[in-house]
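Here's a quick walk through a helical packing problem, with a few loops and single residues along the way. Have the model open while you read.

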Amino acid sequence: MKAKDSVRMSTLRMLISSLRNKENEKKKTLAEGDVLEVIQAEAKRRKEAMEEYSKAQRPDLASKEEAEWNILAVYLPQPLSEAELKALVHSAVQSTGAKAPQDMGRVMSVVMPQIKGRADGKQAQQLVKEFLS
């Protein structure tokens, strides 16, 4: 507030409001995992809005959403690199003994808890398809 960073201030206020709403919804204090889910949801909203504003030729609004996303990204866990994700998927395929695309559900059930919040599920799904085909 003293630095007069209005974007950071409004973004953090929005985040605190979302956290309070989630607490009221659950009627209990949020655990760390719940807080992370709220931050991820808000970051995802910003990213989607940024893409939509870019498609609509509104760079002013897209840059505002990008600034808010950059602020929220500081509070997210470090994302997995492509190599780390491939290694996780490969070990999950081996541990489940999956051999065919029909075994994709078993592999994804092992992979998703490990990558939660650190990688995109679609990207992991694509890698699992590649390993199983």
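## H4 against H6

H4 and H6 cross in a right-handed way. This is a predicted model, by the way. The two helices pack at about 55°, and their axes are 10 Å apart. Angles of 35 to 65 degrees fall in the oblique range, so H4 counts as oblique to H6.

Who makes the contact? On the H4 side you'll find Glu-82, Leu-85, Lys-86, Val-89, His-90 and Val-93, and facing them from H6 are Gln-123, Ala-124, Leu-127, Val-128, Phe-131 and Leu-132. Sort those residues by type and you get 8 nonpolar, 2 polar and 2 charged.

## H4 against H5

H4 also has H5 for a partner: their axes come within 9 Å and cross at roughly 140°. That makes this pair oblique too, and H4 passes H5 in a right-handed crossing.

From H4, the contact uses Leu-85, Leu-88, Val-89, Ala-92, Val-93, Ser-95 and Thr-96, while H5 brings Arg-106, Val-107, Val-110, Val-111, Gln-114 and Ile-115. The split here is 9 nonpolar, 3 polar and 1 charged.

## The cores

What sits in the middle of all this? The largest nonpolar core has 15 residues, and Leu-85, Val-89, Val-107, Val-111 and Val-128 are the ones with the most contacts inside it. Helix H4 (82-96), helix H5 (104-115) and helix H6 (121-132) each supply at least two residues of this core. H5 gives the most, with 5 residues.

Val-111 is a good residue to click on. Skip its neighbours within four places in sequence, and Val-111 is in contact with Leu-88, Val-89, Ala-92 and Ala-124. There's also a second, separate core of 8 residues, which includes Leu-19, Leu-30, Val-38 and Leu-72.

## H1 against H2

Now for helix H1 (residues 6-26) and helix H2 (residues 32-55), whose axes come within 10 Å and cross at roughly 130°. At that angle H1 and H2 are oblique to each other, and H1 passes H2 in a right-handed crossing.

H1 puts Met-14, Leu-15, Ser-18, Leu-19, Lys-22 and Lys-26 into the contact, and H2 answers with Asp-34, Val-35, Val-38, Ile-39, Glu-42 and Arg-46. By type, the residues of this contact come out as 6 nonpolar, 1 polar and 5 charged.

## Arg-46, tucked in

Is Arg-46 of helix H2 buried or exposed? Its relative accessible area is 11%, and the cut-off for buried is under 20%, so Arg-46 is buried. Leaving out neighbours within four places in sequence, Arg-46 is in contact with Met-14, Glu-65, Glu-68, Trp-69 and Leu-72. Two names there have come up already: Met-14 is in the H1 side of the contact with H2, and Leu-72 is in the second core.

## Two loop residues with positive phi

Most residues other than glycine have a negative phi. Lys-27 has a positive one, about 60°, although it is not a glycine. You'll find Lys-27 in the loop between H1 and H2, where it counts as exposed at 73% relative accessibility.

Gln-57 is another case, with a positive phi near 60° in a residue other than glycine. Look for Gln-57 in the loop between H2 and helix H3 (59-73). At 64% relative accessibility, Gln-57 counts as exposed.

## Gly-117 and Lys-122

Gly-117 sits in the loop between H5 and H6. Its relative accessibility is 30%, so Gly-117 counts as partly exposed. Which residues does Gly-117 touch, not counting those up to four places away in sequence? They are Gln-40 and Pro-77. Gly-117 and Pro-77 are 40 residues apart in sequence, yet 7.0 Å apart in space, C-alpha to C-alpha.

Lys-122 lies in helix H6 and counts as exposed, with 65% relative accessibility. Measuring stick out for one last pair: Lys-122 and Tyr-53 are 69 residues apart in sequence and 23 Å apart in space, C-alpha to C-alpha.

Technical notes
Residues are numbered from 1 along each chain as its sequence is written. This is a predicted model: local features need pLDDT of at least 70, side-chain atom pairs count only at pLDDT 80 or more; totals for chains, interfaces and linings use all residues. Side-chain values use heavy atoms; hydrogens and water are left out. A nonpolar core is a set of buried Ala, Val, Leu, Ile, Met, Phe, Trp, Tyr and Cys residues joined through side-chain atoms within 4.5 Å. Buried means under 20% relative accessible area, exposed over 50%, partly exposed in between (1.4 Å probe, protein chains only). Helices (H or I, at least four residues) and strands (E, at least two) are DSSP runs, numbered from the N terminus. Contact means heavy atoms within 4.5 Å. Axes are lines fitted to C-alpha atoms, for helices over the stretch in contact, and angles run from 0 to 180 degrees between N-to-C directions. Angles under 35 degrees count as roughly parallel, over 145 as roughly antiparallel, 65 to 115 as roughly perpendicular and the rest as oblique. A crossing is left-handed if the near helix is turned anticlockwise from the far one by less than a right angle, and right-handed if clockwise. Ala, Val, Leu, Ile, Met, Phe, Trp, Tyr, Cys and Pro count as nonpolar, Asp, Glu, Lys and Arg as charged, and the others, Gly among them, as polar.
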